[in-house]
Structure formats: C-alpha cells, structure tokens
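User: I'd like a close look at a single helix and the way it packs against its neighbours. Please pick one and walk me through it, step by step.

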Amino acid sequence: MQEIKKVDLRQVEDIIKEPEQGGVLKKKDIRTEEKPGLDPASALQLFLDRIPITSIPGIENSRELQVLELNAGDSVRDAVQLLYEKNVSGAPIADLLDPDTTTGRFSDRYIGFIDFASIILWFLKQCEKAHIQTRGNGDDEMGKNVIFTMLEQNPQIGQTKIGELATSFLWDPFFPVGLDDTLFHVLLLLSKHPLQVVPVTEKPHPQVVGFVTQNAVIQLLLQSDGLDWFDRIADKALSEFRFENEDHLVQVHVDQSLAEALQILYENRVGAIAVADRGTRRLIGTIRRNDIYLLLQNDNPLHHRKASTVEEFIHMETRETDPDPTIKQDMGALISAGALRMRNSFIPRMDRPVTNKKTDTLKEAMKNLAETKSSYSFLVDNSQHATGLLTVRDIIVQFAPPSVNSSIHGGSFFESALEQTGCKMENGSIVCNH
C-alpha cells in the first residue's frame with residue numbers, strides 16, 4: 001500500500017457527527033490531499049476507517065432492543081417455533097459457559113449464526129432420508145402448522161440439538177465487531193468470509209446488540225457516489241469484473257416440482273435459484289432461501305410439494321411490496337434486530353426477480369440492489385435469459401483492499417467445533433478437508 005502524504009478528514013468528521021443528532025450519513029464534498037496515483041482501494045480504506053459503527057443511525061435504539069438468541073442446547077423444534085413466532089430469520093447461537101472456569105476471547109460466548117431457512121431445509125432432507133411423510137395425522141391442533149406437528153411426532157429429528165447441526169454445515173461463522181470498530185472492519189469481514197450479517201457486540205457484557213447487513217454496507221458505499229475513488233471502481237461495466245458467483249447460476253424450470261426446487265436449493269447451498277420458462281428460457285421468477293417461511297404460512301405447498309409446480313409456488317405470494325423507505329428510515333433497521341425480519345414487505349415478490357445486464361455499471365447494480373432491498377440480481381441478456389448471478393457480497397469484494405492482511409479469528413469453541421467437522425481456521429478463513 002502506498003504511503004499517504006496528507007489527508008483532509010474535516011468533511012469526514014462532519015459525516016460522523018451528523019447521525020448522532022438523528023441525521024443520516026450524507027455524502028458531502030469530501031476531498032483528500034494525497035500523493036498522485038493513490039489507488040481507489042487505499043482511498044476507500046482511509047475513508048471507511050474513519051467512520052465508527054456508532055455513527056450509523058439506529059445503533060443507539062437497537063441497543064435498547066433484545067436480540068433473539070438460540071442456545072446450543074435448544075432443540076430444532078423449539079428453535080423453529082421461536083424464530084417463526086418472533087418473525088426472525090436468523091439468530092446467533094450462544095454456548096452456556098461457566099464464568100468461573102471459562103477463559104478466552106470476548107466472542108467465546110457465541111459459537112455461530114444459524115438461519116431459519118437452513119433448519120427447515122435440513123428438516124425436509126431428514127424426512128426424505130427417513131421416508132417420513134410431511135403431513136399431519138388428522139389430530140393437529142387448530143392453527144398448528146404441519147412442520148411443527150412432524151417435528152413433535154419425530155423426536156429423532158425434532159429433538160436434535162442446534163449445537164449438533166455444525167456437522168451439517170448449517171452454521172455461519174460468528175465474527176462480531178464492537179461499537180468502537182469502524183465500517184472498514186465490517187467491509188473486511190463481509191468480503192473475506194461468507195457471512196449473512198456481521199453481529200455488533202457491546203462490552204463489557206458479551207451481548208449482541210444489533211447486526212450490520214450486506215445491504216447496509218452497499219447503501220453506505222453509495223453515499224460516496226461522486227467521489228473519485230468510488231467512481232473509479234463503480235462506474236465500470238459489470239462485464240469488466242470477474243465475480244465469484246457470476247457463473248454459479250442454479251436454475252429450475254416452471255414445470256418442475258417444488259420438491260425438486262427445494263432439494264436443489266439445499267444441495268447447492270445458494271441463496272437464490274432462477275425460475276425459467278422451459279420453452280422460451282425467459283427468467284420469470286426466483287426462489288430464495290428467505291422465501292422458505294411461506295411453507296409454514298400455507299400447508300398446501302408442503303403437503304403436495306412433489307405434485308405442486310415451481311410456477312404455482314412463486315405465484316402463491318400475492319402481496320404487494322411496500323413503498324421503498326428512504327435511506328434515513330431504513331438505515332436504523334439495517335443494524336437493529338429488525339434487519340433479520342423474516343416476513344419482509346420491502347423485498348420483491350418471487351415472481352418479480354431483480355435483474356441486471358452486463359452492460360450496466362457496478363454503480364447501477366448497487367443502486368438496483370439497494371432500492372429493492374435484494375441480496376441477489378440475476379444477470380440477463382437481451383432476451384431475458386438468465387446467464388449468471390450477482391450477489392451483494394460479489395460487489396462488496398470489489399471494494400475490499402487486497403493489500404490488507406486480515407487476521408480475524410472466531411471464538412475458541414467455534415474453532416473446536418470446526419475441527420470436529422473436519423474444518424479449521426487458516427489465515428482468517430475456514431478451510432475444510434472434504
């Protein structure tokens with residue numbers, strides 16, 4: 001990284017101070033006096049490393065809310081019910097530690113993060129293996145979903161402990177940031193590790209007080225629209241980049257069964273699959289992991305998933321998306337417990353997939369994802385044929401300075417759990433032996 005001669009951060013300080021008075025992060029005329037040729041990545045690091053997490057609107061309010069946690073000893077059945085009833089799409093997993101005998105880092109209390117969709121897909125997979133029919137026995141309690149009934153009737157599945165699901169790779173790593181960390185730290189974590197969210201913790205108690213989502217980082221980066229270091233990256237066409245998931249397009253046809261689509265979603269461990277018309281090959285929809293909760297709102301698709309088609313499932317959602325909130329309204333929710341809301345009226349419906357073309361600029365794609373609150377955009381050609389998948393993380397990686405050596409580790413218990421599943425931490429990343 002080149003040596004920086006002089007930087008004027010007075011305008012950056014204005015950005016940091018304004019949100020404390022209830023404002024939002026605003027892009028102002030930020031200029032840096034620097035050596036000629038300072039690369040955009042270094043300028044970006046300099047900018048983000050001066051913005052503390054506490055500058056984001058909503059973090060103070062989120063500290064007053066109680067973030068839902070799951071314990072390693074909770075059963076799958078109880079975890080599913082708790083997440084669904086609380087309308088939370090995911091939660092950190094806490095291990096019960098003895099404060100008199102436990103030593104280690106601050107993050108040792110938490111051993112991972114798990115999402116609702118992963119648990120449900122795992123449950124359906126276990127039912128298939130055991131040849132269990134996912135339907136009730138006719139004596140179901142009024143209003144009780146068939147999944148809850150089946151979890152109760154099959155304790156070998158329903159009573160599985162959340163802590164045991166590490167062997168099925170259902171956990172995400174738990175890499176927290178503190179309130180005294182900066183947005184640059186968040187950017188490093190999201191770019192170097194496949195994280196859904198970055199938990200925010202507050203000392204001296206090892207407690208999660210909120211989350212920073214990938215979409216929040218995109219919105220924050222867009223605040224720099226017009227600045228030279230940002231535009232030099234963001235004004236390039238998508239065709240000029242090589243994205244990690246660009247060619248990892250997973251697609252099903254509208255006439256395939258819902259059971260096939262769920263199986264593909266589970267086996268490929270992707271966040272979204274494209275739905276195309278078999279005849280025209282045009283993209284007409286998507287099934288995202290976040291849409292799995294709909295199986296608990298309507299038993300019929302689950303009962304008849306081998307006969308129901310993908311087309312029927314993506315059109316069962318008839319809600320209209322709410323008007324897009326302003327950045328000021330949304331930024332607070334993005335770092336609070338509300339960032340993990342399961343039933344979210346702001347994201348697009350399944351039959352309205354978010355798309356971009358390779359001729360679009362990176363900035364246009366970022367604005368598209370930010371406005372739709374989506375984590376995925378399908379790359380399409382002029383005939384609306386899906387050719388690839390663009391994720392929010394793909395974009396974040398483009399802004400991560402490659403010259404920075406990140407030495408980020410998880411908690412010691414998490415490292416131990418990884419070893420039991422044939423994985424380990426090397427240079428801040430998870431490495432699996434299989």
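**A close look at helix H4**

Analyst: Let's start with a crossing: H4 passes H5 in a left-handed fashion. Keep in mind that this is a predicted model. To picture two packed helices, you describe the angle between their axes and the distance between those axes. For H4 and H5, the axes come within 10 Å and cross at roughly 135°. That angle makes the two helices oblique to each other.

Now, who touches whom? On the H4 side you'll find Val76, Ala79, Val80, Leu83 and Tyr84, and they meet Phe116, Ile119, Ile120 and Trp122 of H5. Sort the residues of this contact by type and you get 9 nonpolar, no polar and no charged.

Next, look at H4 by itself. The helix runs over residues 76–85, and its buried residues are Val76, Arg77, Ala79, Val80, Leu83 and Tyr84. Are they on one side or spread around? They cover an arc of only 165° around the axis, so they sit on the same side of H4.

H5 isn't alone in covering that side. The cover over the buried residues of H4 includes strands E1 (70–71) and E2 (90–94), plus helices H5 (116–129), H6 (146–153), H7 (155–158) and H12 (294–297). After H4 ends, look for Asn87, which follows the helix and has a positive phi, near 60°. Why bother pointing that out? Because most residues other than glycine have a negative phi.

Let's follow one of those neighbours, H6. H6 is mostly covered, with 6 of its 8 residues buried. The buried ones are Val146, Ile147, Phe148, Thr149, Met150 and Leu151. They pack against H4, H5, H7, H12 and helix H13 (299–303), so H4 and H5 turn up here again as partners of H6.

Between H5 and H6 there's a loop, and His131 is found in it. His131 has a positive phi too, near 55°, and it isn't a glycine. Buried or exposed? His131 is exposed, with a relative accessible area of 70%. Compare Lys373, another residue other than glycine with a positive phi near 55°. Lys373 lies in the loop between helix H16 (362–372) and strand E11 (376–380). Here the surroundings are another story: Lys373 is buried, with a relative accessible area of 14%.

For a second helix pair to hold against H4 and H5, try H8 (residues 183–192) and H9 (residues 214–222), which pack at about 125° with axes 11 Å apart. That pair also counts as oblique, and its crossing is left-handed. The contact involves Leu183, Val186, Leu187 and Leu190 of H8, together with Gln214, Val217 and Leu220 of H9. By type, this contact has 6 nonpolar residues, 1 polar and no charged.

Finally, step back to the whole protein. It has 18 helices and 14 strands, and 56% of its 434 residues are buried. Of the contacts with a separation of 6 or more, 69% link residues 24 or more positions apart. You've already met an example of residues coming together from separate stretches: Val76 and its H4 companions meeting Phe116 and the others in H5.

How values were computed: Residues numbered from 1 in each chain as written. Predicted model: local features only at pLDDT ≥ 70, side-chain atom pairs only at ≥ 80, totals over all residues. Heavy atoms only, no water. Axes fitted to C-alpha atoms, helices over the stretch in contact; angles between N-to-C directions. Helix = DSSP H or I, 4+ residues; strand = E, 2+ residues; numbered from the N terminus. Parallel < 35°, antiparallel > 145°, perpendicular 65-115°, else oblique. Left-handed = near helix turned anticlockwise from the far one by under 90°. Contact = heavy atoms within 4.5 Å. Nonpolar A, V, L, I, M, F, W, Y, C, P; charged D, E, K, R; others polar. Buried < 20%, exposed > 50% of the residue type's maximum accessible area, 1.4 Å probe, protein only. Arc of directions from axis to C-beta.
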